[in-house]
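Reader: I am new to this structure and should like to understand how its descriptions are justified. Kindly set each value against the rule that it has to meet.

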Amino acid sequence: MKIVLIGYMGSGKSVVGKQLASKLNLGFKDLDTEIETVEEKTIPQLFSGKGEIYFRKKEREILKSILDSKNNLVLATGGGTPCYGDVINLLVSDKKVRTIYLMTSLKTLTERVFNEKRNRPLISHIKSVDELTAFIAKHLFERSQFYNQANFTVKTDGLTIEEVVDKIIQKVN
Ligand code: S3P
(Lines give C-alpha, C1' and ligand atoms only; values in the text may rest on other atoms or scores of the structure.)
Protein backbone atom coordinates (compact mmCIF):
# COMPACT_ATOMS: atom_id res chain seq x y z
CA MET A 1 0.00 0.00 0.00
CA LYS A 2 1.06 3.57 -0.66
CA ILE A 3 -0.09 6.23 1.78
CA VAL A 4 -0.18 9.70 0.23
CA LEU A 5 -0.58 12.75 2.45
CA ILE A 6 -2.21 15.82 0.95
CA GLY A 7 -3.11 19.17 2.51
CA TYR A 8 -2.25 22.84 2.57
CA MET A 9 1.25 24.21 3.20
CA GLY A 10 1.94 23.89 6.92
CA SER A 11 -0.51 21.05 7.55
CA GLY A 12 2.35 18.78 8.66
CA LYS A 13 2.56 16.41 5.68
CA SER A 14 6.34 15.97 5.85
CA VAL A 15 6.76 15.70 9.60
CA VAL A 16 3.74 13.40 10.01
CA GLY A 17 4.77 11.37 6.94
CA LYS A 18 8.24 10.64 8.29
CA GLN A 19 6.92 9.46 11.63
CA LEU A 20 4.11 7.43 10.01
CA ALA A 21 6.59 5.68 7.71
CA SER A 22 8.90 4.77 10.56
CA LYS A 23 6.00 3.43 12.67
CA LEU A 24 4.73 1.30 9.76
CA ASN A 25 8.24 0.29 8.66
CA LEU A 26 7.70 1.78 5.24
CA GLY A 27 9.92 3.97 3.10
CA PHE A 28 9.27 7.71 3.07
CA LYS A 29 9.48 10.20 0.23
CA ASP A 30 8.79 13.92 0.14
CA LEU A 31 7.66 14.95 -3.35
CA ASP A 32 9.24 18.43 -3.14
CA THR A 33 12.60 16.85 -2.22
CA GLU A 34 12.29 14.37 -5.09
CA ILE A 35 11.65 17.23 -7.53
CA GLU A 36 14.62 19.18 -6.13
CA THR A 37 16.87 16.13 -6.54
CA VAL A 38 15.81 15.39 -10.11
CA GLU A 39 16.00 19.04 -11.18
CA GLU A 40 19.09 19.87 -9.09
CA LYS A 41 17.39 23.11 -8.02
CA THR A 42 15.49 24.30 -4.96
CA ILE A 43 11.73 24.90 -5.22
CA PRO A 44 12.18 28.73 -5.14
CA GLN A 45 14.86 28.46 -7.87
CA LEU A 46 12.52 26.35 -10.00
CA PHE A 47 9.62 28.79 -9.61
CA SER A 48 11.75 31.83 -10.40
CA GLY A 49 13.81 30.22 -13.18
CA LYS A 50 11.35 28.02 -15.03
CA GLY A 51 7.98 29.16 -13.70
CA GLU A 52 5.09 27.50 -11.94
CA ILE A 53 3.72 25.69 -15.01
CA TYR A 54 7.04 23.87 -15.48
CA PHE A 55 7.05 23.00 -11.76
CA ARG A 56 3.51 21.57 -11.97
CA LYS A 57 4.47 19.40 -14.98
CA LYS A 58 7.51 18.01 -13.17
CA GLU A 59 5.48 17.54 -9.99
CA ARG A 60 2.93 15.39 -11.84
CA GLU A 61 5.60 13.47 -13.75
CA ILE A 62 7.58 12.56 -10.63
CA LEU A 63 4.43 11.72 -8.67
CA LYS A 64 3.34 9.39 -11.49
CA SER A 65 6.67 7.58 -11.50
CA ILE A 66 6.41 7.06 -7.72
CA LEU A 67 2.83 5.76 -8.08
CA ASP A 68 3.91 3.43 -10.90
CA SER A 69 6.78 1.92 -8.91
CA LYS A 70 6.05 -1.26 -7.00
CA ASN A 71 7.43 -0.02 -3.69
CA ASN A 72 5.06 0.61 -0.83
CA LEU A 73 5.75 3.89 0.91
CA VAL A 74 4.47 6.99 2.63
CA LEU A 75 4.56 10.05 0.37
CA ALA A 76 4.23 13.65 1.51
CA THR A 77 3.06 15.79 -1.42
CA GLY A 78 3.29 19.56 -1.90
CA GLY A 79 0.28 21.68 -0.97
CA GLY A 80 -0.68 22.19 -4.62
CA THR A 81 -0.01 18.67 -5.90
CA PRO A 82 -3.61 17.34 -5.98
CA CYS A 83 -5.07 20.62 -7.25
CA TYR A 84 -3.76 20.61 -10.84
CA GLY A 85 -4.73 18.61 -13.94
CA ASP A 86 -5.75 15.02 -13.33
CA VAL A 87 -3.66 14.47 -10.22
CA ILE A 88 -6.45 13.97 -7.68
CA ASN A 89 -7.98 11.38 -10.05
CA LEU A 90 -4.64 9.60 -10.39
CA LEU A 91 -4.53 9.32 -6.62
CA VAL A 92 -8.09 8.28 -5.84
CA SER A 93 -8.46 5.86 -8.76
CA ASP A 94 -5.38 3.87 -7.75
CA LYS A 95 -6.47 0.89 -5.65
CA LYS A 96 -3.04 0.62 -4.03
CA VAL A 97 -3.12 4.21 -2.78
CA ARG A 98 -4.76 5.59 0.32
CA THR A 99 -4.94 9.36 0.18
CA ILE A 100 -5.17 11.19 3.49
CA TYR A 101 -6.11 14.85 3.79
CA LEU A 102 -4.48 16.54 6.76
CA MET A 103 -7.09 19.19 7.55
CA THR A 104 -5.76 22.12 9.58
CA SER A 105 -7.43 25.37 10.59
CA LEU A 106 -6.67 28.69 8.92
CA LYS A 107 -5.25 30.06 12.17
CA THR A 108 -2.80 27.20 12.67
CA LEU A 109 -1.72 27.18 9.01
CA THR A 110 -1.07 30.93 9.06
CA GLU A 111 0.93 30.78 12.30
CA ARG A 112 3.03 27.88 11.03
CA VAL A 113 3.87 29.17 7.57
CA PHE A 114 4.39 32.84 8.42
CA ASN A 115 7.91 32.16 9.68
CA GLU A 116 8.70 29.66 6.95
CA LYS A 117 7.42 31.54 3.95
CA ARG A 118 10.92 32.19 2.53
CA ASN A 119 11.04 28.68 1.02
CA ARG A 120 7.50 28.88 -0.34
CA PRO A 121 7.35 30.96 -3.52
CA LEU A 122 3.55 31.31 -3.54
CA ILE A 123 3.56 33.20 -0.24
CA SER A 124 7.11 34.54 0.15
CA HIS A 125 6.07 38.05 -0.99
CA ILE A 126 3.38 38.43 1.70
CA LYS A 127 4.41 40.88 4.42
CA SER A 128 1.93 40.71 7.30
CA VAL A 129 0.05 38.04 9.22
CA ASP A 130 -3.27 39.67 8.28
CA GLU A 131 -2.41 39.62 4.58
CA LEU A 132 -1.28 35.99 4.84
CA THR A 133 -4.50 35.04 6.64
CA ALA A 134 -6.57 36.58 3.84
CA PHE A 135 -4.49 34.85 1.16
CA ILE A 136 -4.70 31.41 2.78
CA ALA A 137 -8.45 31.76 3.48
CA LYS A 138 -9.17 32.24 -0.22
CA HIS A 139 -6.58 29.74 -1.46
CA LEU A 140 -7.69 27.03 0.96
CA PHE A 141 -11.30 27.56 -0.06
CA GLU A 142 -10.33 27.07 -3.74
CA ARG A 143 -8.24 24.01 -2.98
CA SER A 144 -10.65 22.30 -0.57
CA GLN A 145 -12.66 20.79 -3.44
CA PHE A 146 -9.55 18.75 -4.32
CA TYR A 147 -8.43 17.95 -0.77
CA ASN A 148 -11.95 16.80 0.10
CA GLN A 149 -11.74 13.99 -2.47
CA ALA A 150 -9.16 12.16 -0.33
CA ASN A 151 -10.06 8.68 0.89
CA PHE A 152 -9.78 9.84 4.50
CA THR A 153 -9.53 13.13 6.35
CA VAL A 154 -7.72 13.67 9.63
CA LYS A 155 -8.29 16.92 11.53
CA THR A 156 -4.94 17.85 12.99
CA ASP A 157 -5.68 20.85 15.24
CA GLY A 158 -4.85 20.21 18.88
CA LEU A 159 -3.27 16.84 18.12
CA THR A 160 0.37 15.86 18.56
CA ILE A 161 2.25 14.41 15.59
CA GLU A 162 1.99 10.99 17.20
CA GLU A 163 -1.80 11.34 17.60
CA VAL A 164 -2.16 12.30 13.94
CA VAL A 165 -0.02 9.27 12.98
CA ASP A 166 -2.18 6.96 15.08
CA LYS A 167 -5.39 8.33 13.56
CA ILE A 168 -4.04 7.68 10.07
CA ILE A 169 -3.07 4.12 11.01
CA GLN A 170 -6.60 3.48 12.37
CA LYS A 171 -8.13 4.75 9.11
CA VAL A 172 -5.95 2.82 6.66
CA ASN A 173 -6.26 -0.49 8.53
C1 S3P B 1 3.14 24.54 -2.90
C2 S3P B 1 3.52 23.94 -1.74
C3 S3P B 1 4.91 23.58 -1.43
C4 S3P B 1 5.72 23.39 -2.73
C5 S3P B 1 5.57 24.58 -3.61
C6 S3P B 1 4.10 24.85 -4.00
C7 S3P B 1 1.70 24.86 -3.12
O8 S3P B 1 4.95 22.39 -0.64
O9 S3P B 1 5.30 22.23 -3.41
O10 S3P B 1 6.11 25.68 -2.94
O11 S3P B 1 1.29 25.07 -4.28
O12 S3P B 1 0.94 24.86 -2.10
P13 S3P B 1 4.57 22.33 0.95
O14 S3P B 1 3.09 22.10 1.04
O15 S3P B 1 5.35 21.17 1.42
O16 S3P B 1 5.00 23.63 1.52
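Author: Leu-140 touches Tyr-8, Tyr-101, Thr-104, Leu-109 and Tyr-147, with residues up to four places away in sequence not counted. The model is a predicted one, and Leu-140 belongs to helix H7.

Reader: What makes these residues contacts of Leu-140?

Author: Contact requires heavy atoms within 4.5 Å. Tyr-8, Tyr-101, Thr-104, Leu-109 and Tyr-147 are listed as touching Leu-140 on that basis. Met-1 offers another kind of value: its C-alpha atom is 28 Å from that of Leu-140, and 139 residues separate the two in sequence.

Reader: Why is Leu-140 called buried?

Author: The limit for buried is a relative accessible area under 20%. Leu-140 has 12% relative accessibility, and therefore counts as buried.

Reader: Which helix is among the elements that cover the buried residues of H6?

Author: Helix H7 is included in that cover. The buried residues of H6, which runs from 106 to 114, are Thr-108, Leu-109, Thr-110 and Val-113. One of them, Leu-109, is touched by Leu-140.

Reader: How do you know whether Ile-88 is buried or exposed?

Author: Ile-88 has a relative accessible area of 4%, so it is buried, the limit being under 20%. Ile-88 lies in helix H5, residues 87–92. Apart from neighbours within four places in sequence, Ile-88 is in contact with Ile-6, Pro-82, Phe-146 and Gln-149. Between Ile-88 and Glu-34 there are 19 Å from C-alpha to C-alpha, at 54 residues apart in sequence.

Reader: Why does Leu-24 count as partly exposed?

Author: Partly exposed lies between the two limits, under 20% for buried and over 50% for exposed. Leu-24 has 29% relative accessibility, so it counts as partly exposed. Leu-24 is a residue of helix H1, and it touches Ile-3 and Ile-169 when residues up to four places away in sequence are left out. The C-alpha atom of Leu-24 is 9.1 Å from that of Val-74, although these positions lie 50 residues apart along the chain.

Reader: What puts the buried residues of H1 on the same side?

Author: The buried residues of H1 are Lys-13, Val-16, Gly-17, Leu-20 and Ala-21. They cover an arc of only 130° around the axis, and therefore lie on the same side of H1. An α-helix has 3.6 residues a turn, so residues three or four places apart point the same way. The face turned away from the buried side of H1 carries the exposed residues Lys-18 and Ser-22.

Reader: Which elements do the buried residues of H1 pack against?

Author: They pack against strands S1 (2–6), S2 (27–30), S3 (73–76) and S4 (97–103), and against helix H8 (161–172).

Reader: What makes the phi of Asn-25 worth a remark?

Author: Phi of Asn-25 is near 60°, which is a positive value in a residue other than glycine. Asn-25 is in the loop between H1 and S2. With 73% relative accessibility, Asn-25 counts as exposed, because exposed requires over 50%. Glu-40, in the loop between H2 and H3, also has a positive phi, near 55°. A relative accessible area of 70% makes Glu-40 exposed.

Reader: How do you know that the span of H4 agrees with expectation?

Author: The 17 residues of H4 should span 24 Å at 1.5 Å a residue; the end C-alpha atoms are 24 Å apart, so the two values agree. The buried residues of H4 are Phe-55, Arg-56, Lys-58, Glu-59, Ile-62, Leu-63, Ile-66 and Leu-67. Their arc around the axis is only 165°, which puts them on the same side of H4. Ile-53, Lys-57 and Asp-68 are exposed on the other side of H4.

Reader: Which helix gives the most to the lining of the largest pocket?

Author: H1 does, with four residues. The largest pocket has a volume of about 560 Å³. Of its 29 lining residues, Met-9, Lys-13, Asp-32, Gly-79 and Arg-120 are the closest to the centre. The lining divides into eight nonpolar, 10 polar and 11 charged residues.

Conventions: Residues are numbered from 1 along each chain as its sequence is written. This is a predicted model: local features need pLDDT of at least 70, side-chain atom pairs count only at pLDDT 80 or more; totals for chains, interfaces and linings use all residues. Side-chain values use heavy atoms; hydrogens and water are left out. On a 1 Å grid over the protein atoms alone, a cavity is a set of points where a 1.4 Å probe fits but cannot get out, and a pocket is an open set with protein on both sides within 12 Å along at least five of seven lines; lining residues have an atom within 4 Å of a point. Grid points are joined across faces, edges and corners, and a volume is the space filled by probe spheres set on the points. Helices (H or I, at least four residues) and strands (E, at least two) are DSSP runs, numbered from the N terminus. Ala, Val, Leu, Ile, Met, Phe, Trp, Tyr, Cys and Pro count as nonpolar, Asp, Glu, Lys and Arg as charged, and the others, Gly among them, as polar. Buried means under 20% relative accessible area, exposed over 50%, partly exposed in between (1.4 Å probe, protein chains only). The arc is that of the directions from the helix axis to the C-beta atoms. The expected span of a helix is 1.5 Å times one less than its number of residues.
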